[in-house]
Amino acid sequence: MHSRARLVTDLRTLGIEGGDVVMVHASVRSVGEVAGGPDEIHLAIKDVLTDHGTLVMYASCPRYVDEVGRGNLSPGEESEVLEKLPAFDAHTARSARDNGILVEFLRTYPGSQVNRHPARFVAWGKQVEYLFSAQPWDYAFGYGSALERLVALDGKILLLGCDHDTVTFLHYVEHIADLPGKRVARFKVPVLENGARVWREMEEFDTSGAGVHPNWPDRFFAEIVDGYLAASHNRGGQVGHAHCHLLPMRGLMEYARPVMERMARL
């Protein structure tokens, strides 16, 4: 069993410092049992960051909120969703299950804030107001997004024993990279306007499993992340039982963009 104090020591050894701005992807199971439960993981990260730092995770939205119009549901399923699904409430809706349990623990912990968008981030710390100061409705991972402001803050990514194919930040790189033939997804989401539920149109470069470009191979994000870790000689370290990596967003972006642009032109 790991203590919060032990996790703090591990996180500092990995390279996190007070005042850092860190986006976290985490596998609670990989970290192992922690005395006090999973909340102690994000609390340990906060201990290291101090009140001068900022912690961010990607929460997204529950199932079906952003599915109508994508072509993944049958006509019958879409009809039922259109009839029955409640309006999306960024403050109360659960995080997407495939983003892991830690983000939901963070989202529901006192002091956390969210941006009011189905492409929803959860954040705590000094830079929250700046990160959430604006949010484009369409192309929510690109220009003007919280991800762009994370780069401006010299943000870092903490991979806490997680699958390297889950790095949300690479969707920002897809949005800004010069990639001919990008797939565009158009769909509807239920929101509350003037007290009534309405289905509002939205579009983005396709961030679903199909990928933004037809040339993307399976697990392309993991390939990019692992390539960058190797090129930067980043061997990572242990946090609890989990093998982890801390990497700079700007460095990953500068590595990933030409890789994507070359792949798109093959």
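**View 1. Tyrosine 139, a partly exposed ring in a loop of this predicted model.** Tyrosine 139 has a relative accessibility of 22%, so the residue counts as partly exposed, a class that starts where buried stops, at 20%. Look for this tyrosine in the loop between H6 and H7. Its backbone deserves a glance too: phi sits near 50°, a positive value in a residue other than glycine.

**View 2. Tyrosine 139 meets phenylalanine 205.** Searching the whole structure turns up six aromatic pairs. One of them joins tyrosine 139 to phenylalanine 205, with 4.8 Å from centre to centre and 55° between the planes, a tilted arrangement. The two partners come from distant parts of the chain, 66 residues apart: tyrosine 139 belongs to the loop between helix H6 (128-131) and helix H7 (146-152), while phenylalanine 205 is in strand S7 (residues 196-205). Phenylalanine 205 has a relative accessible area of 19%, so this ring is classed as buried, the limit being under 20%.

**View 3. Tryptophan 216 and phenylalanine 220, another aromatic pair.** Here the ring centres are 4.6 Å apart and the planes stand at 55°, so this pair is tilted. How accessible are the two partners, tryptophan 216 and phenylalanine 220? Tryptophan 216 comes in at 12% relative accessibility and counts as buried; phenylalanine 220 has just 3% and is buried as well.

**View 4. A cluster of rings.** Tyr58, Phe121 and Phe141 are the members, and ring pairs link them together.

**View 5. H9 packed on H10.** Helix H9 covers residues 220-231 and helix H10 covers residues 249-264; the two pack with axes 10 Å apart, at an angle of about 130°. An angle between 115 and 145 degrees falls outside both the perpendicular and the antiparallel ranges, so H9 and H10 are called oblique to each other. The crossing of H9 past H10 is right-handed. On the H9 side, the contact is built from Phe220, Phe221, Ile224, Val225, Gly227, Tyr228 and Ala231. H10 answers with Gly251, Leu252, Tyr255, Ala256, Val259, Met260 and Met263. Sorted by class, this contact has twelve nonpolar residues, two polar ones and no charged ones.

**View 6. H8 across H9.** Helix H8 (residues 169-176) and H9 have axes that come within 11 Å and cross at roughly 100°. That angle lies in the 65 to 115 degree range, so H8 is roughly perpendicular to H9. Which residues make the contact between H8 and H9? From H8 there are Leu170, His171 and Glu174, and from H9 there are Phe221, Ile224 and Val225. The tally for H8 with H9 is four nonpolar, one polar and one charged.

**View 7. H8 against H10.** The axes of H8 and H10 come within 10 Å, crossing at roughly 50°. With the oblique range lying between 35 and 65 degrees at this end of the scale, H8 is oblique to H10. Handedness is easy to state here: the crossing is right-handed. H8 brings Phe169, Leu170, Tyr172, Val173, Glu174 and Ile176 to the contact, and H10 brings Met249, Leu252, Met253, Ala256, Arg257 and Met260. The contact of H8 with H10 counts ten nonpolar residues, two charged and no polar.

**View 8. Asparagine 194 in its loop.** This residue is placed in the loop between strand S6 (184-193) and S7. Its phi is positive, about 55°, although asparagine 194 is not a glycine. Is asparagine 194 buried or exposed? Its relative accessible area is 85%, which puts asparagine 194 over the 50% mark, so the residue is exposed.

**View 9. Lysine 188 on strand S6.** Lysine 188 has a relative accessible area of 30%, so the residue counts as partly exposed, between the 20% and 50% limits. Leaving aside residues up to four places away in sequence, lysine 188 touches Val65, Asp66 and Val68, along with Trp199, Arg200 and Glu201. For a sense of scale, pick out glycine 209, which is 21 residues from lysine 188 along the chain: their C-alpha atoms are separated by 18 Å.

Note on methods:
Residues numbered from 1 in each chain as written. Predicted model: local features only at pLDDT ≥ 70, side-chain atom pairs only at ≥ 80, totals over all residues. Heavy atoms only, no water. Axes fitted to C-alpha atoms, helices over the stretch in contact; angles between N-to-C directions. Helix = DSSP H or I, 4+ residues; strand = E, 2+ residues; numbered from the N terminus. Left-handed = near helix turned anticlockwise from the far one by under 90°. Contact = heavy atoms within 4.5 Å. Nonpolar A, V, L, I, M, F, W, Y, C, P; charged D, E, K, R; others polar. Phe/Tyr/Trp six-rings, centres within 6.5 Å; stacked < 30°, edge-to-face > 60°. Buried < 20%, exposed > 50% of the residue type's maximum accessible area, 1.4 Å probe, protein only.
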